[in-house]
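Me: Hi! Could you walk me through this one? I'll show it below and then ask away.

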Amino acid sequence: MKKTYFVIIALVVFVYIIREIRKRRFSIKESFWWVLAALVMIILSIFPYSIDRLADFLKISYPPSLLFVLCIVFLVFINFRSSKKIAEQQEKIIELGQELAILKDKVQSQK
Amino acid sequence: MEKKNKVLFVIPAYNEEENIAGVLEEIKNDASFADIVVLNDCSTDKTKEVVEKNGVKCITNIFNMRYAWNVQTGIKYAYQNNYDYVIQFDADGQHIAKEAIKLYEKMKENNCDIVIGSRYLKDTGYPCPLFRRIGTRIFEFIIKVFCKRRIADPLSGFQCLNKKVIERYAIMGNYPEFPDANLVIEMLLLGYKIEEVPVKMRLREAGESMHGGIIKPIKYMINMFYTIIFILIQYPRKGK
């Protein structure tokens with residue numbers, strides 16, 4: 001029974017992401033890692049013992065900790081990627097603002 | 001006939017309605033050969049009106065950029081309009097127009113890239129808070145160690161830049177948030193020629209300083225050290 005709940009949660013997340021992309025509220029390019037994460041969630045909820053096998057393979061004695069580690073690594077990765085993008089965009093916004101201010105002044109002085 | 005150099009005073013201003021008129025008046029009287037541009041950083045007071053009433057060019061940002069990027073807008077303007085020299089000048093009345101001429105003269109005389117107006121090169125009687133004095137000393141020491149040069153006042157915003165530097169600053173994408181000692185170090189490591197001239201400065205007349213309070217200077221120092229570490233990693237050290 002528990003398994004069904006997890007499958008439902010994973011599917012809801014997956015459908016939600018796909019819906020956002022289809023409604024063009026989320027870009028295809030940016031969605032890649034989230035769709036991948038949702039797919040992994042679905043797979044893990046259908047085959048919960050796969051994480052045990054993987055833990056066994058990696059010689060990790062407590063399988064849930066592997067799950068947590070994977071989640072944290074994913075979140076840190078996504079977060080760092082966002083920070084990088086924010087920094088890039090901040091630079092571009094400043095540049096745009098500066099150019100626009102100069103251009104606006106130029107246009108006004110030609111009037 | 002010698003080609004006349006185009007000189008531009010770049011004045012970043014944020015809520016300086018009380019000081020700016022006097023500053024502009026002074027420049028017009030004492031340095032009439034130069035053009036002036038005021039960069040109004042979305043002031044909430046009448047800075048823009050006061051500047052325009054004085055018949056001076058005023059570029060207003062579309063959002064608040066804060067000091068450094070506001071200055072960079074002015075440098076971009078100078079670059080696009082083909083100015084030969086830029087003099088960075090404060091809107092709060094601290095900098096003296098007659099002293100700016102000294103920077104310009106030194107620039108032409110020594111053919112250097114940046115001339116810094118220094119409060120501490122000679123005793124100019126500038127009263128300086130202890131914290132700032134200590135900060136200046138620390139940066140002076142860092143520059144001495146890594147660049148083998150003495151720059152007595154690396155935190156001075158009173159600078160004259162030549163065309164080469166204008167171009168570099170105008171097109172550099174990562175112009176620092178606080179363009180002080182870090183930028184001086186970067187330019188020295190890149191081989192630009194920097195000189196200092198002792199200048200007099202006044203204390204602020206009205207309005208609020210951007211380095212006031214306790215938290216801001218601490219944040220500033222941390223930011224500065226952090227940036228300097230990366231500059232030292234990025235560019236090869238001199239005399240190695």
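Me: Starting with chain A, in what order do its elements run?
Reply: Happy to help! This is a predicted model, and from the N terminus on, chain A reads α-α-α-α. That is 4 helices and 0 strands.

Me: And is chain A compact or spread out?
Reply: Chain A is more spread out than a compact globule, because its radius of gyration is 22 Å, well over the 13 Å that the globule rule gives for 111 residues. Along the principal axes, its C-alpha trace spans about 75 × 30 × 15 Å.

Me: What share of the residues in chain A is buried?
Reply: Buried residues account for 20% of the 111 in chain A.

Me: OK, switching to the interface. How many residues are in contact between chain A and chain B?
Reply: On the chain A side there are 13, in contact with 16 residues of chain B. The area buried between the two chains is about 1,300 Å², and carbon and sulfur atoms give 59% of that.

Me: Which three residues supply the most of what chain A buries there?
Reply: Those are A:Gln98, A:Ile102 and A:Asp105, which supply 41% of the area that chain A buries against chain B.

Me: How many salt bridges does the rule find across the interface?
Reply: The rule finds 2. One of them pairs B:Lys76 with A:Glu95, with the closest N and O atoms 3.5 Å apart.

Me: Nice. What about polar contacts, how many residue pairs?
Reply: There are 5 residue pairs in polar contact across the interface, both residues being at pLDDT 80 or more. As for the side of chain A that touches chain B, its residues divide into 5 nonpolar, 3 polar and 5 charged.

Definitions and conventions
Residues are numbered from 1 along each chain as its sequence is written. Chains are lettered from A and ligands numbered from 1 in the order in which they are written. This is a predicted model: local features need pLDDT of at least 70, side-chain atom pairs count only at pLDDT 80 or more; totals for chains, interfaces and linings use all residues. Side-chain values use heavy atoms; hydrogens and water are left out. Contact means heavy atoms within 4.5 Å. Buried area is the accessible area (1.4 Å probe) that two parts lose on being put together, summed over both. A salt bridge is a side-chain nitrogen of Lys or Arg within 4 Å of a carboxyl oxygen of Asp or Glu. A polar contact is a pair of N or O atoms within 3.5 Å; within protein, one must be able to donate a hydrogen and the other to accept it, and residues adjacent in sequence count only if both atoms are side-chain atoms. Ala, Val, Leu, Ile, Met, Phe, Trp, Tyr, Cys and Pro count as nonpolar, Asp, Glu, Lys and Arg as charged, and the others, Gly among them, as polar. Helices (H or I, at least four residues) and strands (E, at least two) are DSSP runs, numbered from the N terminus. The radius of gyration is taken over C-alpha atoms; the globule rule is 2.2 Å times the number of residues to the power 0.38. Buried means under 20% relative accessible area, exposed over 50%, partly exposed in between (1.4 Å probe, protein chains only).
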